Amino acid sequence: MATIFQNGLVVTMDPRRRVLQPGTLVVEKGILVEVSELARRGGASDTVLDCRGRMVLPGLINIHAHTTEALFRGCATDLPFLQWLLERNHPLLKQMLPDDARLAGLLCGLEMLASGTTCYLDPEVWPEHFAGVAQAMETIGLRAGLALALEGGSGYNMEPGKQLVSDEGPAAQLDAVLAWHDAADRRLQVWLGPRVVSAIDRPLAGFMREAVAGLGTGITAHFAEVEEDVREIQRVHGIGATEYLEDLGLLGPQMILTHAIRLEEADLDAIARTDTRIAHCPASNLKLGNGFAPIPELLDRGVVVALGTDGGLCNDTYDLLREMNLAGLIHKANYREPRVTPAEKILEMVTCDGARALGLQDRIGSLEVGKQADVTVLDLRGIGWRPLHNPIANLVYGSATRACVDTVMVDGEVLLQEGRPLHLDCQSIMSQAQERSQAIVAGIGLSDAVRSRWQVQERAER
Ligand SMILES: [Zn+2]
């Protein structure tokens with residue numbers, strides 16, 4: 001019993017970057033067993049998906065997405081960064097019950113699925129939300145790295161002496177979620193997510209180094225998103241932020257640093273020298289007014305850079321297709337040089353480079369025989385795709401929207417077909433999310449604050 005993708009434009013992202021037109025994928029037991037330009041008829045027990053007029057890609061990979069923030073899309077608009085974080089982000093997330101985390105996971109996962117994402121990394125899952133998020137991902141069938149939120153101090157963005165997440169200690173926190181590691185046929189993995197680099201102390205660093213060696217995953221932290229983070233490290237430790245991380249033994253391929261905006265030459269060199277990975281979230285950096293990460297300079301040094309959408313409070317979407325578009329555009333203007341981020345490089349960021357950043361390059365990130373069957377199919381027959389000379393250029397620079405996502409397969413299972421999720425009740429998830437979000441916002445007195453400044457006239461009874 002095989003599933004066969006026929007007649008599509010197959011962009012393999014294999015080491016030779018072969019593009020097959022038309023190409024064929026054959027999937028058996030969740031694994032790609034054939035990727036070729038040969039036509040395949042298929043037997044009576046096989047499922048044949050005709051991909052004529054469609055582009056077949058490796059499933060897209062989002063390496064920085066806060067799942068629980070999905071419940072608060074649109075609740076923190078046009079605010080200065082620290083006000084955004086301390087007056088909206090933290091208070092809203094703190095009100096969530098375990099089942100709200102599951103609901104947020106369904107809402108967020110649904111949106112990722114519908115925009116062609118098959119795998120993501122949540123950089124900061126609070127202990128009390130972990131099981132809910134993991135359950136939601138198990139239900140939906142997405143591949144996910146869930147980084148347990150950890151702290152070894154307050155960091156630049158909390159009052160001194162205060163911590164945001166449970167102070168049980170990292171070992172107990174990790175023990176409580178370990179059952180999710182390699183769960184759901186190994187689609188779920190536990191990562192470690194110290195919130196910000198200025199909230200990592202030496203004992204936490206030691207704990208994390210040892211723990212990820214056992215887990216076989218990695219660590220991810222928000223880094224140099226704002227000047228305050230870098231300044232706090234300098235103030236407390238008397239050295240630069242990257243130097244501090246290297247001193248703690250935390251730079252290397254097992255570390256994904258997110259944002260990485262406020263970097264000096266020496267930081268760029270250290271990141272490149274140690275093969276540390278970078279998560280780039282252009283929409284979040286733009287919306288929060290935090291500036292431009294020096295992505296072209298990191299790419300010049302050969303650093304692995306992949307993309308993230310960040311969360312519902314700072315983007316406010318989980319659509320990687322839109323993120324690709326922004327990543328492709330903003331650095332051209334910032335450097336006044338259109339050649340710095342070519343379309344092909346942007347597509348690598350959400351496929352093979354995303355897989356490398358997650359250490360999953362042997363399993364996902366390209367369409368090659370022996371890899372897991374994570375596949376995204378885009379329909380190129382709709383408005384906005386013609387003329388079609390260079391499909392990668394159309395994909396990155398404007399033709400691709402969520403509306404053209406046709407089919408999504410994860411681990412050999414079709415989860416979305418003709419744009420519709422097959423196993424989820426979308427309307428029910430969305431109406432429950434609306435209800436719970438409104439209740440939480442009202443519960444902490446933010447209803448007026450989150451509304452538009454424009455007065456809404458409600459219909460009066462005659
Ligand atoms: Zn983030």
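The C-alpha centres of domain 1 and domain 2 lie 29 Å apart in this predicted model. The domain assignment gives domain 1 as 2-55 + 374-419 and domain 2 as 60-357.

**Where the domains meet**

The two domains touch: 20 residues of domain 1 are in contact with 23 residues of domain 2. On the domain 1 side, the four elements in the table each supply at least two residues.

| Element of domain 1 | Residues | Supplied to the side touching domain 2 |
|---|---|---|
| β14 | 375-379 | at least two residues |
| α15 | 391-397 | five residues, the largest share |
| β15 | 405-410 | at least two residues |
| β16 | 413-417 | at least two residues |

What classes of residue make up this side of domain 1? There are 13 nonpolar, three polar and four charged residues.

**A hairpin**

Strand β2 (residues 19-28) pairs with strand β3 (residues 31-36). The pairing is antiparallel and runs over five bridges. In one of them, valine 27 has leucine 32 of β3 as its partner. The two strands form a hairpin, with two residues between them. Lysine 29 sits in the turn and has a positive phi of about 50°.

**Helix α3**

Helix α3 covers residues 127-140, which is 14 residues. From first C-alpha to last, α3 reaches 21 Å, close to the 20 Å expected. Its buried residues include His129, Phe130, Val133, Met137 and Ile140. What do the buried residues of α3 pack against? Their partners are α2 (98-114), β7 (117-125), β8 (143-150), α4 (170-177) and β9 (188-194). Glycine 141 follows α3, and its phi is positive, near 100°.

Methods. Residues are numbered from 1 along each chain as its sequence is written. This is a predicted model: local features need pLDDT of at least 70, side-chain atom pairs count only at pLDDT 80 or more; totals for chains, interfaces and linings use all residues. Domain bounds come from an automatic or database domain assignment. Two residues are in contact if their C-beta atoms, placed from the backbone, lie within 7 Å. Ala, Val, Leu, Ile, Met, Phe, Trp, Tyr, Cys and Pro count as nonpolar, Asp, Glu, Lys and Arg as charged, and the others, Gly among them, as polar. Two strands pair if DSSP finds at least two bridges between them. The expected span of a helix is 1.5 Å times one less than its number of residues. A residue is buried if 20 or more other C-beta atoms lie within 10 Å of its own, exposed if 12 or fewer, and partly exposed in between; C-beta atoms are placed from the backbone.
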